[in-house]
Amino acid sequence: MNPLESRRTALILIDLMPRIIALDTAPFSGPAVLERSVALAAATRAAGGLVVNVRVERPGVEVQPEGSSFAAEVVPQPGDLEIVKRTIGAFGRSPLDAELQSRGIANVALAGIATNFGVESTGRAASDLGYETFFITDAMTGLDGAAHEFAVANVFPRIGEVCTTAEYLSGLK
């Protein structure tokens, strides 16, 4: 993996909310993805990068389902960006692109749940918008293993760079 200029890099964590972390996922459990995401966020902050915490709210619903806040381990910290999405991906009808542009972000690295929904949709939009896009495949999981593996093998390499947590961490400069 080529070195990433950390000041121009945003780590986007998708839907790390208790009700989603608790889903039956594969190939990794929600708690395993959460643990890796916490490490990724700490390293990104330490290197001077931006951490973007994204959570979904169901549109047209007065009260969101229980477990719809961020998991305690990934509650946004000072300097982080919080995005509430009402679509599958984080860019649709949200201020995410404008916020990244205003901060001079050129690279986005994606992690979270679920690989073939929120992560893939956000990655497709990021690529369309011209961001250098990185998919941290061991820090994401799907609603089933086959869906995760299909996205990792067939979709992500066409729209960005596929990497592991270790590769991402070694690429931060």
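Which residues does Val56 touch, not counting residues up to four places away in sequence? The points below take up that question and then the rest of the model, which is predicted.

1. Val56 and its contacts. Val56 lies in strand β2, which covers residues 50–56. Beyond residues up to four places away in sequence, Val56 touches Asp15, Met17, Arg19, Ile20, Lys85 and Thr87. Val56 counts as buried because its relative accessibility is 16%, and the cut-off for buried is under 20%. Arg158 is 102 residues from Val56 along the chain, and their C-alpha atoms are separated by 26 Å.

2. The largest pocket. Its volume is about 230 Å³. The lining consists of 14 residues, and those nearest the centre are Asp15, Ile20, Val56, Lys85 and Phe117. Two elements, α1 (18–21) and α4 (115–128), give two or more residues to this lining. Sorted by class, the lining residues are eight nonpolar, two polar and four charged. Val56 thus appears again here, among the residues nearest the pocket centre, and Asp15, Ile20 and Lys85 are among the residues that Val56 touches.

3. Asp15. This residue lies in the loop between β1 and α1. Its phi is near 55°, a positive value in a residue other than glycine. Most residues other than glycine have a negative phi, and most peptide bonds are trans. Asp15 counts as buried because its relative accessibility is 5%.

4. Arg93, for comparison. Arg93 also has a positive phi, near 50°, in a residue other than glycine. Arg93 is found in the loop between β3 and α3 (96–102). Is Arg93 buried or exposed? At 74% relative accessibility, Arg93 counts as exposed, whereas Asp15 counts as buried.

5. Cis peptide bonds. One cis peptide bond joins Ala26 and Pro27, with omega about 10°; Pro27 is found in the loop between α1 and α2 (30–46). Another cis peptide bond joins Ile113 and Ala114, with omega about 5°. Ala114 is found in the loop between β4 and α4. A reader checking the backbone may want to look at both places.

6. The sheet. Six strands form an open sheet with parallel pairing, in the order β3-β2-β1-β4-β5-β6. The edge strands, each of which pairs on one side only, are β3 (81–85) and β6 (161–163). On average, neighbouring strands are turned by 25° against each other, direction ignored. Helix α5, residues 145–159, packs on the sheet and touches β5 and β6. The direction of α5 makes about 170° with that of β5.

7. Strand β4 and its partners. Strand β1 (residues 9–14) pairs with β4 in the parallel sense over six bridges. On the other pairing, six bridges join β4 (residues 107–113) to β5 (residues 132–141), and these strands also run parallel. Ala109 of β4 stands opposite Leu11 and also opposite Phe134 in β5. Further along, Gly112 stands opposite Met140 in β5, and the bridge partner of Ile113 in β5 is Thr141. Ile113 is also one of the residues joined by a cis peptide bond.

8. Burial of β4 and β5. How many of the seven residues of β4 are buried? Seven of the seven are, so β4 is largely enclosed by the rest of the structure. In a regular strand the side chains alternate between the two faces of the sheet. In β4, Asn107, Ala109, Ala111 and Ile113 point one way, while Val108, Leu110 and Gly112 point the other way, and all are buried. Strand β5 is also largely enclosed, because nine of its 10 residues are buried.

9. Ala126. This residue is in helix α4. With a relative accessible area of 0%, Ala126 is buried. Apart from its neighbours within four places in sequence, Ala126 is in contact with Phe91, Val108, Tyr131 and Thr133. Ala126 and Asp15 are 111 residues apart in sequence and 17 Å apart in space, C-alpha to C-alpha.

10. Thr165. Helix α6 (residues 165–171) contains Thr165. Thr165 counts as buried because its relative accessibility is 10%. Leaving aside neighbours within four places in sequence, Thr165 is in contact with Arg36, Leu40, Ile136, Asp138 and Ala139.

Technical notes: Residues are numbered from 1 along each chain as its sequence is written. This is a predicted model: local features need pLDDT of at least 70, side-chain atom pairs count only at pLDDT 80 or more; totals for chains, interfaces and linings use all residues. Side-chain values use heavy atoms; hydrogens and water are left out. On a 1 Å grid over the protein atoms alone, a cavity is a set of points where a 1.4 Å probe fits but cannot get out, and a pocket is an open set with protein on both sides within 12 Å along at least five of seven lines; lining residues have an atom within 4 Å of a point. Grid points are joined across faces, edges and corners, and a volume is the space filled by probe spheres set on the points. Helices (H or I, at least four residues) and strands (E, at least two) are DSSP runs, numbered from the N terminus. Ala, Val, Leu, Ile, Met, Phe, Trp, Tyr, Cys and Pro count as nonpolar, Asp, Glu, Lys and Arg as charged, and the others, Gly among them, as polar. Two strands pair if DSSP finds at least two bridges between them. Axes are lines fitted to C-alpha atoms, for helices over the stretch in contact, and angles run from 0 to 180 degrees between N-to-C directions. Contact means heavy atoms within 4.5 Å. Buried means under 20% relative accessible area, exposed over 50%, partly exposed in between (1.4 Å probe, protein chains only).
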